[in-house]
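Subject: Structure for you to look through

Dear colleague,

I am passing on a structure for you to look through, and the notes below the display say what was found in it. Please keep the display open while you read, so that you can find each place for yourself.

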Amino acid sequence: MGYDIVVIGGGHAGCEAALAGARMGLKTCLFTMNLDTIAQMSCNPAIGGLAKGHLVREIDALGGEMAKVTDKAGIQFRILNRSKGPAVWSLRAQADRVLYRLSMRKVLENQNGLDIKQASIEKIIAEDGKVKGVVTSLGIFYEAKAVIVTTGTFLKGLMHIGLENFEAGRAGEFPSKGLSDSLKKLGFRMGRLKTGTPPRLDAKSIDFSKTTPQWGDEPPPPFSYSTDAIENPQLPCYITYTNPETHKIILENLDRSPLYSGKIKGIGPRYCPSIEDKVVRFSERQRHQVFLEPEGLDTKEYYANGISTSLPFDVQIKLVRSIPALEEAEIMRPGYAIEYDFVFPTQLRHSLETKLIEGLFLAGQINGTSGYEEAAAQGLIAGINAALKLKGRAPLVLGRHEAYIGVLIDDLVTKGTNEPYRMFTSRAEYRLLLRHDNADLRLRQKGYDIGLVSKEDYEKFEEKKHSIENEIHRLKTRRLKPSPEINNALEAKGTSAIDENTTLEQLLKRPEIDYSFIERFMPSDKPLSEDVKRQVEIEIKYEGYIQRQMEAAEKLRKAEEKKIPPDFDYKAINGLSTEVLGKLEEVRPENLGQAGRIPGVTPAALTLIMIALEKRKRVSSMTSKS
């Protein structure tokens, strides 16, 4: 049996990849080792957060599914970083773990052109550098024109609890062993990474009176631009802290930790460390925050975010019960660490197609990333580009100035990683352009052009865009006349009075004035949504900063227009160091902009490359004329 696209893995990357392929008209099949764990939230029951929320909004703007399913399953929504500028605001949602999984599965099962099969893929078949299909553990061959591998932590997964370890893709599930060997035989360089989870606790045994409740925003702000309102009941999270006694218990048992006894070989996430790591690395700190997060509306299970651990079970009980509110806590599931294989991502193109095998795409943790959001973003792009390739169209490659997804993928394929990669706002050079609130303005058109955004959603977007443009024009051209009422209101806001006619734009640029002031004295002729008002206010208040970032982004765009041919001979350039030459040969940058972002490639090396490119261009021109 044959398919246009085969997707291996039913996690967050696999779901987005499969939906994208099918929605773009390609016959697609998603293979998963367990139908019951499609879209499983194997770590914390939350979507979004700092920078990750940007990724989810961008997935939605392009026509992906994660934001919509989060809105269906969300039980708490909060915009983080409200006290800072809009460039770093990020939406985060707690989700009902079961509801999220079931909602995504329902979408997949009802998608035309998509088959879902439970099977373990053991081998990828390629001939003459092109993918041909996959083989299951039962020896069944499925022909495929494109294959997308999204295996999460399953490639030779090894779980650790204390000094005990056992093979698993995650708790209670078998690992994938043959597929890892298949990738190695195809010639891919692979490494080993590690991640982990905290214990899950029984709410009946938690004394919530000793915690600080943390509620979400009211009304809950949806993730998807297509969602009108959140319908689920909303629940709080609860905050408590570790203490010196907790830290003492951990330090006294480090010899029983697989992390510190040498049992774990893989490199763990620097920015999401285990509680053992935090206690050792930050020994001066007297306490670490613990968030008690509900796993869903119909369960008593709570996720103890902040105390990820792989210590033995008896030690986990002691450290948990040393924490206020958890003195009598019962552990429903112990924390654990898991090691798994990954492919060094410099072996990928920006389309997420591998350089080694045509038609083979990789997405998610197999590329060295951590997190549901990073995985889903890659899955979406891999699915889109597999479909575009089979249609004979150019790949969708997002620039660093266009999307956090562009930053994510460019970081992976240009810089590589030897530790689990996590997205941060600090990784983006153009944060004010890449706000979480304007993802649709940046990417909706692209999603519509490739066929993933519905006509209804696109028309809704166009209406919003026109409303923003019209309101900005109104604020630039309409003026307020000085009056006692207006000047008293201005002085009450802590800003100076006006003595001449002043545009609404000039007033709104003042730090003390927000859009509600404009509405009070000269409202728009048409009612505007809160989203439109927010966009207008940000665009006007930060106009100068936005313009400067747009100019910088334009310079980047021009650098990336200077293409480097795939067969470019770096060895023929005199003056390149062995280190620089090795990195250029490994990454094979597609343009000068990407070459300049490779760690260790100096401005002097870039100049030599530019000269060599110009020389090649002249020779080619002379040859063609003769």
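Arginine 200 touches Ser42, Cys43, Arg97, Glu295, Glu301, Tyr302, Tyr303, Glu330, Ile331, Met332 and Arg333, when residues up to four places away in sequence are left out. Please bear in mind that this is a predicted model, and that every value in this email is computed from it. Arginine 200 belongs to strand β13, which covers residues 200-202, and with a relative accessible area of 6% this arginine is buried, because buried means under 20%. Its side chain takes part in a polar contact with the side chain of threonine 197 at 3.1 Å, and the side chain of arginine 200 also reaches the backbone oxygen of serine 42 at 3.2 Å. Serine 42 is thus named twice for this arginine, as one of the residues that it touches and as the owner of that backbone oxygen.

Two further buried residues are found in loops. Threonine 151 sits in the loop between β9 (141-149) and β10 (158-161), where its relative accessible area of 7% makes it buried, and, not counting residues up to four places away in sequence, it touches Ile8, Leu179 and Ile366. Serine 257 is found in the loop between α6 and α7 (275-281), and this serine counts as buried with a relative accessibility of 0%. Leaving out residues up to four places away in sequence, serine 257 touches Leu163, Glu276 and Leu311. If you would like a distance to check on the display, serine 257 and glycine 14 are 243 residues apart in sequence and 33 Å apart in space, taken from C-alpha to C-alpha.

How many of the residues of helix α2 are buried? In this helix, which runs over residues 52-62, the count is 11 of 11, so that the helix is described as mostly covered, with buried meaning under 20% relative accessible area. Among the buried residues are Lys52, Arg57, Glu58 and Asp60, together with others such as Leu55, Val56 and Ile59. After α2 comes glycine 63, which has a positive phi, near 105°.

For a place on the surface, please turn to Leu251, Tyr260 and Val280, which form a nonpolar patch with about 240 Å² of accessible area together. Leucine 251 lies in helix α6, residues 244-252, and its relative accessibility of 46% means that it counts as partly exposed, a class that lies between under 20% for buried and over 50% for exposed.

Finally, here is the chain as a whole. The protein chain contains 20 helices and 22 strands. Its radius of gyration is 26 Å, close to the 25 Å that the globule rule gives for 626 residues, so the chain is as compact as a globular protein of that length. The C-alpha trace spans about 85 × 80 × 50 Å along its principal axes. Of the 626 residues, 57% count as buried, while the chain exposes about 27000 Å², of which carbon and sulfur atoms supply 50%. Among the contacts with a separation of 6 or more, 73% are accounted for by residues 24 or more positions apart.

With best wishes

Key. Residues are numbered from 1 along each chain as its sequence is written. This is a predicted model: local features need pLDDT of at least 70, side-chain atom pairs count only at pLDDT 80 or more; totals for chains, interfaces and linings use all residues. Side-chain values use heavy atoms; hydrogens and water are left out. Patches are made of residues with over 30% relative accessible area and no salt bridge: like charges are joined within 9 Å, nonpolar side chains (Val, Leu, Ile, Met, Phe, Trp, Tyr) within 5 Å. Accessible areas come from the Shrake-Rupley method with a 1.4 Å probe; for residues, only the protein chains shown count as cover. A salt bridge is a side-chain nitrogen of Lys or Arg within 4 Å of a carboxyl oxygen of Asp or Glu. Helices (H or I, at least four residues) and strands (E, at least two) are DSSP runs, numbered from the N terminus. Buried means under 20% relative accessible area, exposed over 50%, partly exposed in between (1.4 Å probe, protein chains only). A polar contact is a pair of N or O atoms within 3.5 Å; within protein, one must be able to donate a hydrogen and the other to accept it, and residues adjacent in sequence count only if both atoms are side-chain atoms. Contact means heavy atoms within 4.5 Å. The radius of gyration is taken over C-alpha atoms; the globule rule is 2.2 Å times the number of residues to the power 0.38.
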